[in-house]
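Biologist: I have just opened this model and would like to understand its side-chain contacts and helix packing. Please walk me through them, one question at a time.

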Amino acid sequence: MTNPALAPFDLSGYQGTRGINFYEATPSLMHIMDRYSSDCSAEHKTAIHNHLSGYGALSGGILNDLIDACHKEGKYGEIVQYDSTGNRVDEIRYSAEQKEARRVNFEHGIVNLQYRPDWKYPFTFAHRMMLACMTNMNGEGGVACPLAMTDGLILILEKVGTEEQKRKYLPILTDPKSKSHFMAGQYVTERVGGSNVASNRTVAVKAANGKWILNGEKWFCSNPGDLWVTTARVENTSTIGLFLVSRIKDDGTLNGCRIVRKKDIIGSRGKVTVETIYEDVEAEELGRPVHGLANLIKYVINTSRIHVSAGAIGHGRRSYLEAYAYSQRRTAYGKKIVELPAVITTLARMQILQTALEFAVFRNYDLNSKGDNSTKLLTPLLKYASTNLATNLTHEGMLILGGNGILGDFSILPRLHNDAIINETWEGTHPLLCEHAIKAYARSKVKDSFDTLIQENLNQAKHLRSLACAADVAAMLLKRLQSYASASDFWIDSNRMQFCDTLYGLFSLSELMRDAGLGAGRIDSVAIVDGYASLLAGSSITPADDGLFSSIEKMKAIL
C-alpha cells in the first residue's frame, strides 16, 4: 500500500525565488534606476540596464547557489595560524564556493567597473549602489561586507592616498586581472569600545623609514585579507591616526598581525571576523594622522553606512519576493494563502514599506553624489531606519512561511534575518545613529537643506487631488516635527528614535509623493502613497476608511 502522507503535495519541488532575475523581478528598482539615469545618454542607459539585468540573473542564479552552498557547516572560512612546518601564516582559508562567489562578483565589476577597459561610461553612484542592493539579496553572503570595505578603501586611496600608495595598492583592489577579490578589511574596534574610536589604546610610533609601528589589539576585524585600514593613537598624543596595513610587508615577510580567534557571530558568517593582536605591525599613514578620525568618518564609515542601507534594501526586497512566491504556491483551508485577507494585508504592508525605503535611500544616494548638505542628516537617519525595517521585513517573511520559515534548508529567510540583525549593529547602533542624525538636523545649513527638500517634494504633488490624504499625513508629521523644537534636551535625548521616526516618515512619504507627482499620478504610485500614508497615520485608521487597506482588490493590485 502506498503511504498517502508521502504523496506529492503543493510544495513538492518548490524552490522559492531560485533562478529568477532579481533586477527584472523588482519593478520599483528598475523605475528608480530609470529615474536616476535620466541625464545619461541613450547608449549609457542601455548599457546600465544590460549590466544590471545581467547581474540580476547572476544573483538569482549561480550566485544564489554558490552562496547557499558555502553557508553550510564545514564550508565557512577558517583561520590557519601556522603552516605545516610551524611558521606563522595567519590567514583565512575559504571554501571553493565562497571564492568562486567572490570571483564572479568581482569580474562583473560591482566594485571596479570604472577600471575595466570594456566599460566606456562613468560608473554612476546609483548604478554602483543598485548592484550593492542586489548583492545583498543573497544576504551578506561573504561578499557584501567585503564589497563595502573594498569600496571604502578604494575611495580613501583615491582621495587622500599618496601617488605611491595609489600606484602600489589600487591595482590590488581594482585591476580586472587581480586575484584579490574583495580582500580589503577594516580593523577599528577595540575591547574598550566600538563607536567611541577615540578610546583606542593601540599605539602608533613613527619609524626612521617613514613607516609606523603599531602595537595593540583589535576586537572586531572584518574580512581579514590582503589589506586593511586601521586606527591607532599616535604615541604621547590624543591623536587617533588612520593607517593602511598590508598582510605581507615590502620585504616579503609576514606582518606582525596575529589572529587570535574567529568571532562567533549569529549572522554575516560568510566572511570571517576575527580578533587580533598587533605586535610591531608595519603600517603607512592614510592622509595626515591629525586628520585620522575625520578621514575615517568621511570616507570609510560614511561609505559603510551607505552600503548598510543598500544591504537593508536587499534583505527586505528578497524577503518580500520569497514571501510572495510562497503565498502563491502554499494552500490552506482549500485556497492559496495569497487569497487569505491576513496574508494579503501583510504582503501589501511589506511591499509598501519596502518601496518607500527604496525611494528614500536612492534619493539620498543622489544627494550624496551631488554633495548636498541634507545627506549629513539622511545618511545616519537611513542607516537606522533601513536596518530597523529590514529586520522587521525578514521576520514578517518568515512568519508567512509558517514552520517552513524557520528552516535554514528551506529558504534563505532565517539567514537573511540574522544578517539583517548584524546590519543593525554594524557601523553604529540605533541610539548612536539617531544622535548623529538629530545633531545634524540641529545645524542650520543641514536643516535648511532638508526643509527645502521636503517642501519641494510636497509641491511636486500638490496638483494631485488623489493624494489629499497623504498631504494631510505629511502636514501632521511636519507639525509633530515642529513641536520637537520646544522640547527639552532631556526629552530629545530620551526619545531620539521617535524623533528620527518622524524625520524618516516625513522624508520617505514626501519622496513617494514626489514620484507620483512626476508620474502625473500613475495608479500604482498613488496606491502605494495612499497605503503608506495610512500606515504612517497608524492608530487613526478606522473601519470607515476607504483607502488601500479597505479592499482586497486594491491590495492585490500592488503585490
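Biologist: In the salt bridge of Lys166 with Glu163, how far apart are the closest N and O atoms?

Modeller: Happy to start there: this is a predicted model, in which local features need pLDDT of at least 70 and side-chain atom pairs count only at pLDDT 80 or more, while totals for chains, interfaces and linings use all residues. Residues are numbered from 1 along each chain as its sequence is written, and side-chain values use heavy atoms, leaving out hydrogens and water. A salt bridge needs a side-chain nitrogen of Lys or Arg within 4 Å of a carboxyl oxygen of Asp or Glu. For Lys166 and Glu163, the closest N and O atoms are separated by 3.4 Å.

Biologist: Which helix holds both Lys166 and Glu163?

Modeller: Helices (H or I, at least four residues) and strands (E, at least two) are DSSP runs, numbered from the N terminus. Lys166 and Glu163 are 3 residues apart, about one turn of the helix. The element that holds both, spanning residues 163-174, is helix H7.

Biologist: Is Glu163 buried or exposed?

Modeller: Three classes apply: buried is under 20% relative accessible area, exposed is over 50%, and partly exposed is in between (1.4 Å probe, protein chains only). Its partner Lys166, at 22%, counts as partly exposed. Glu163 has 60% relative accessibility, so Glu163 counts as exposed.

Biologist: How many residues apart are Glu275 and Arg261?

Modeller: Their side chains meet in a salt bridge, 2.7 Å from N to O. This pair links distant parts of the chain, with Glu275 in strand S9 (residues 273-285) and Arg261 in strand S8 (residues 257-262). Glu275 is buried at 7% relative accessibility, whereas Arg261 is partly exposed at 46%. Along the chain, Glu275 and Arg261 are separated by 14 residues.

Biologist: With which residue does Asp118 form a salt bridge?

Modeller: Asp118 is partly exposed, with a relative accessible area of 49%. Its partner counts as buried at 17% relative accessibility. The closest N and O atoms are 2.7 Å apart, and the partner is Arg116.

Biologist: How many salt bridges does the structure hold?

Modeller: Some of the charged residues form a network of salt bridges, in which Lys168, Lys211, Asp250, Glu282 and Glu284 are linked. For the structure, the number of salt bridges is 37.

Biologist: On to the rings: why is the pair of Tyr187 and Trp228 stacked?

Modeller: The structure holds 15 aromatic pairs. Rings of Phe, Tyr and Trp (its six-membered ring) pair if their centres lie within 6.5 Å; planes under 30 degrees apart count as stacked, over 60 as edge-to-face and the rest as tilted. The centres of Tyr187 and Trp228 are 4.5 Å apart, and the pair is stacked because their planes are at 15°.

Biologist: How many residues apart in sequence are the parts that Tyr187 and Trp228 tie together?

Modeller: Tyr187 belongs to strand S3 (residues 184-187) and Trp228 to strand S6 (residues 227-234). Tyr187 is buried at 2% relative accessible area, and Trp228 also counts as buried at 2%. The parts tied together are apart in sequence by 41 residues.

Biologist: What is the angle between the planes of Tyr326 and Phe410?

Modeller: Tyr326 and Phe410 are an edge-to-face pair, 6.0 Å centre to centre. Tyr326 lies in helix H8 (residues 292-329) and Phe410 in the loop between helix H10 (375-400) and helix H11 (413-425), so the pair ties together parts 84 residues apart in sequence. Tyr326 is buried at 2%, while Phe410 is partly exposed at 27%. The angle between their planes is 80°.

Biologist: Are H6 and H8 roughly parallel or antiparallel to each other?

Modeller: Two packed helices are described by the angle between their axes and the distance between the axes. Axes are lines fitted to C-alpha atoms, for helices over the stretch in contact, with angles from 0 to 180 degrees between N-to-C directions; under 35 degrees counts as roughly parallel, over 145 as roughly antiparallel, 65 to 115 as roughly perpendicular and the rest as oblique. The axes of H6 (residues 144-160) and H8 come within 9 Å and cross at roughly 150°. H6 and H8 are therefore roughly antiparallel.

Biologist: At what angle do the axes of H8 and H10 cross?

Modeller: The axes of H8 and H10 come within 8 Å. They cross at roughly 20°.
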